[in-house]
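Hi,

Here is the structure I promised to pass on to you. Have a look at it first, and then read my notes underneath.

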Amino acid sequence: MPYYRVAGEIPRKRHIRFNRPEGGLYAEELMGEEGFSSDSSLLYHVHPPTAIVKSEALGDIAAETVLAPNHPLLPRHYRTQDLAGSGDLALGRQPLMGNDDVRISFVTADGPSDLYRNSIGDEAVYLHTGAVRFESVYGTIDAVAGDYVIVPRGTIHRWTPAGPASHAVRPEPVQALVIEARGHIRPPRRYLSQTGQFLEHAPYCERDLRGVAGPLIADGEDVPVIVRNRGGLTRFTYAYHPFDVVGWDGYLYPYAFNIADFEPIVKRTHAPPPVHQTFEGPNFVICSFCPRPFDFDPRSVPIPYNHHNVDSDEMMFYVAGDYSARQGSGVGVGSITLHPSGFTHGPTPGAVEAVIRGMEAGRTTTDETAVMIDTFRPLLLAPQAAEAEDPEYAWSWARAARA
Ligand SMILES: [Fe+2]
C-alpha cells in the first residue's frame, strides 16, 4: 500500500504485449484490492499464474480451534516461553486469541515453511527473535528481530529461518507474533496526506519502509502451494513455480518496518497509546511502545494511569526492557497480557511511587519495547493459550495493594 514501486522489467504501458526474449509473451496478472477500486500491482510472469494441476483439501488446526469467550471475565497473562510446540512460520502458529476481525498467534519456527497464500486477509508478522528470509512473488525481504513484515492478502510466499553465518554458531531461534486480519493492515489514515504521503507528524515515513528486493525467479514444475481461504486449507499444485515474475509495479506489495525505526512522541505529561499507533486493521490497531525519554514535566508520572478501555480489548506483547508499570506482577520479556473491556487496568500498586523515586535519583528514560493490539470487538481465547497462562495474574494488583 504505502507508495508506488517498480521492480525488474515491465512494459512501457499497462496491458500491452510484453515479449519474452525466447519467444511468446509474458503473462500479466493484476493483484488488486477491493475489486478494481483500490491499490493494486501488475505482475509479469514467465508462465500463466492460472495453471494448476491438482487441488486437495487439508486439515487445518487453526481453523478448527474453537475460541471461547473470556468468561468469567479476567485480565490474562500468558508466557510465550511456556507455549508448547513449534512449526513453520506459515502453518505452525499457535493461536492465542481472536475474533471476527483478527487472529493473534505465536510461533517458534523449526524450519522453512511451504509456499503459502493467505486469501482471508493481510498479515503483520512481528519477528521477536532470530532472522528469517521472506520470499514471495514480488521478491525477498531479509527480516530481523523487531521487524513487522506486512504480507498483503493473496501473496504467495514462504519463510525460511536464516542459517548461521558459521556452523560453529547456533542461530537464535525464530519466534514471531502473528497478526492475521480479515481485511487490510495499513498505516493509519491520519498519518497520510490526501494522496498517501506520510505527513511530517507521522512517527515513521516512506524511508523507514523496506520493500522487497526483486524480482525473484525459481524454476520448478508441479509445485505445491497451500492456500487458506474461508473454507479452510487447500493444497494447489501449480504447473510451474509461482516465483516466475520478471517485473512488477504498483502500490501493493509486502514490506518490512522495524520497530526501532518508530520515532516515539513524548509529551510533558503522559501520552496515551494513540501516539504509539503503527498500523490499523479492520476494527483493530497495532501500536509500538519504544525506548524514549520520560515525560518531561518535573511533576509528571511517566507510566500509564489506570484506564478502562470502554470499547476495546487490549493485548500487549512485552518485547524488551524493563516494565516499570508492572513490576511485581510477573510480567516480563516474552509475556502477553490481555486487559479486556469491563476491567480497569493500570500500574501495579507501588509502581508509580517507585518510578518517581527513580526519577528523583536521576532516571530519565524508559527502555521498554512492546507491541500492543487494541481490538474493538472482544477477544476470544484459544485453548492453546491456557497452557501458558499465569493463573495468579488477575490478582496481582490486589496482592501488591495489600502487601
Ligand atoms: Fe492499557
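Below is what I found, going from the metal site to the pocket, the core and one loop residue. Keep in mind that this is a predicted model.

**The iron site**

Let's start with the iron ion. Its protein donors are His307 and His345, each through NE2, plus two OE entries from Glu314, and they lie 2.0 to 2.4 Å from the metal. Along the chain, these donors follow the spacing H-x6-E-x30-H. His307 sits in the loop between strand E22 (292-293) and strand E23 (313-320), while His345 is in the loop between strand E24 (335-339) and helix H2 (351-360), so the two histidines tie together parts that are 38 residues apart in sequence. What about the geometry? The angles among the four donor atoms run from 57 to 164°, and the site is irregular. Are the two histidines buried or exposed? Both His307 and His345 are buried.

**The largest pocket**

Two of those iron donors turn up again here. The largest pocket has 36 lining residues, and the ones nearest its centre are Pro273, Phe289, Pro304, His307 and Glu314. Strand E21 (284-289), E23 and strand E26 (369-375) are the elements that each give two or more residues to the lining. As for volume, the pocket comes to about 600 Å³.

**The nonpolar core**

In soluble globular proteins, nonpolar side chains tend to be buried together. Here, the largest nonpolar core has 79 residues, and Met97, Leu177 and Ile286 have the most contacts inside it. Which strand gives the most to this core? That's strand E14 (residues 174-181), with six residues. Apart from this core lies another one of 12 residues, including Cys287, Met316, Val331 and Ala370.

Try clicking on Met97. Leaving out neighbours within four places in sequence, its contacts include Tyr78, Arg103, Ile104 and Met315, and also the run Leu379, Leu380, Leu381 and Ala382.

**One loop residue: Leu91**

Finally, find Leu91 in the loop between strand E5 (76-79) and strand E6 (94-98). Why does Leu91 count as partly exposed? Its relative accessible area is 33%, and partly exposed covers the range between under 20% (buried) and over 50% (exposed). Not counting residues up to four places away in sequence, Leu91 touches Asp114, Tyr116, Ile226, Arg228 and Leu233. Its C-alpha atom is also 8.3 Å from that of Ala62, which is 29 residues away along the chain.

Have fun exploring!

Terms used. Residues numbered from 1 in each chain as written. Predicted model: local features only at pLDDT ≥ 70, side-chain atom pairs only at ≥ 80, totals over all residues. Heavy atoms only, no water. Core = buried A, V, L, I, M, F, W, Y, C linked by side-chain atoms within 4.5 Å. Buried < 20%, exposed > 50% of the residue type's maximum accessible area, 1.4 Å probe, protein only. Helix = DSSP H or I, 4+ residues; strand = E, 2+ residues; numbered from the N terminus. Contact = heavy atoms within 4.5 Å. Donors = N, O, S within 2.8 Å, 3.2 Å for Na, K, Ca; no water. Tetrahedral: all angles 85-135°; square planar, octahedral: opposite > 155°, others 65-115°. 1 Å grid on protein atoms, 1.4 Å probe; cavity = no way out; pocket = protein on both sides within 12 Å on 5 of 7 lines; lining within 4 Å. Points joined across faces, edges and corners; volume = space filled by probe spheres on them.
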